[in-house]
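Work through the exercises below with the model open. Try each task before reading its solution.

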Amino acid sequence: MQADLSPVIAATAQWLTRAFPASGGALASALCEVQARQAVTVAAWLRYPTEMDAALLGMAGPGGSARLDRVTGADAAPGDDGDDAHAWRTWVDEVVASWAACLLTDPELAGRAVAALAEGSHSTGTPAEFRRLVAPDDGDLRAAALLRHPDLLAPVAGLHHSQLLDRLHPGRTLIA
């Protein structure tokens with residue numbers, strides 16, 4: 001199952017780290033990338049919890065980064081480096097990126113999301129695997145200062161925040 005979502009996870013994590021890069025060298029970049037990948041993995045597993053969901057994603061495609069680029073002001077001009085240089089952007093999933101942004105900026109929500117993975121078909125979703133997401137140390141936080149900044153990520157997180165909350169609270173009754 002993980003392999004089916006790997007192109008979406010890789011492209012979406014890459015988009016996040018390009019839109020909100022680390023500063024401070026190679027180690028900071030690596031720590032930032034790990035945090036982005038963990039957040040995107042949790043978000044993707046929540047968004048596509050079954051093999052059928054992943055298969056449908058593979059058939060329909062994730063949608064790409066165009067709206068995310070516009071929202072963040074990071075429009076990538078196709079053709080600048082050749083169209084092939086931007087082909088990975090077609091594998092970016094807007095909802096997954098939005099959910100990952102929510103998780104990166106809200107530690108409590110990240111903890112609930114990781115806990116929710118235990119209920120799904122992703123049996124490997126143990127909290128230890130997502131330590132840098134749910135319990136980042138000072139080095140992690142410094143490395144991903146932009147990636148975890150609530151104000152900077154607000155436009156992306158706000159796109160699908162309510163859907164993430166609905167996913168984490170299935171079956172709750174609506175009060176009129």
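Among contacts in the chain (heavy atoms within 4.5 Å) between residues at least 6 apart in sequence, 81% join residues at least 24 apart. This is a predicted model: local features need pLDDT of at least 70, side-chain atom pairs count only at pLDDT 80 or more, and totals for chains, interfaces and linings use all residues. Residues are numbered from 1 along each chain as its sequence is written, and side-chain values use heavy atoms, with hydrogens and water left out.

**Exercise 1. Describe the secondary structure of the chain.**

Step 1: count the elements. Helices (DSSP runs of H or I, at least four residues) and strands (E, at least two) are numbered from the N terminus. The chain has 9 helices and 0 strands.

Step 2: write the order. Along the sequence the pattern reads α-α-α-α-α-α-α-α-α.

**Exercise 2. State how much of the chain is buried and what its surface consists of.**

Step 1: apply the classes. Buried means under 20% relative accessible area, exposed over 50%, and partly exposed in between (1.4 Å probe, protein chains only). Of the 176 residues, 40% count as buried.

Step 2: take the area. The Shrake-Rupley method with a 1.4 Å probe supplies it; for residues, only the protein chains shown count as cover. The accessible surface comes to about 8900 Å². Carbon and sulfur atoms account for 56% of that surface.

**Exercise 3. Analyse the pair Glu108 and Arg112.**

Step 1: recall the principle. Side chains of opposite charge can pair when their charged atoms come close.

Step 2: set the criterion. A salt bridge needs a side-chain nitrogen of Lys or Arg within 4 Å of a carboxyl oxygen of Asp or Glu. The structure holds 5 of them.

Step 3: test the pair. Glu108 and Arg112 form a salt bridge at 3.6 Å, N to O.

Step 4: place the pair. Both lie in helix α6 (residues 107-117), 4 residues apart, so about one helical turn separates them.

Step 5: check exposure. Glu108 is exposed at 58% relative accessible area. Arg112 is partly exposed at 30%.

**Exercise 4. Which residues are linked with Asp140 in a network of salt bridges?**

Step 1: take one partner. Arg131 meets Asp140 in a salt bridge at 3.7 Å, N to O.

Step 2: take another. Between Arg132 and Asp140, the closest N and O atoms are 2.6 Å apart.

Step 3: combine. Arg131, Arg132 and Asp140 are linked in a network.

Step 4: add accessibility. Asp140 is buried at 0%. Arg131 is partly exposed at 33%, and Arg132 is partly exposed at 24%.
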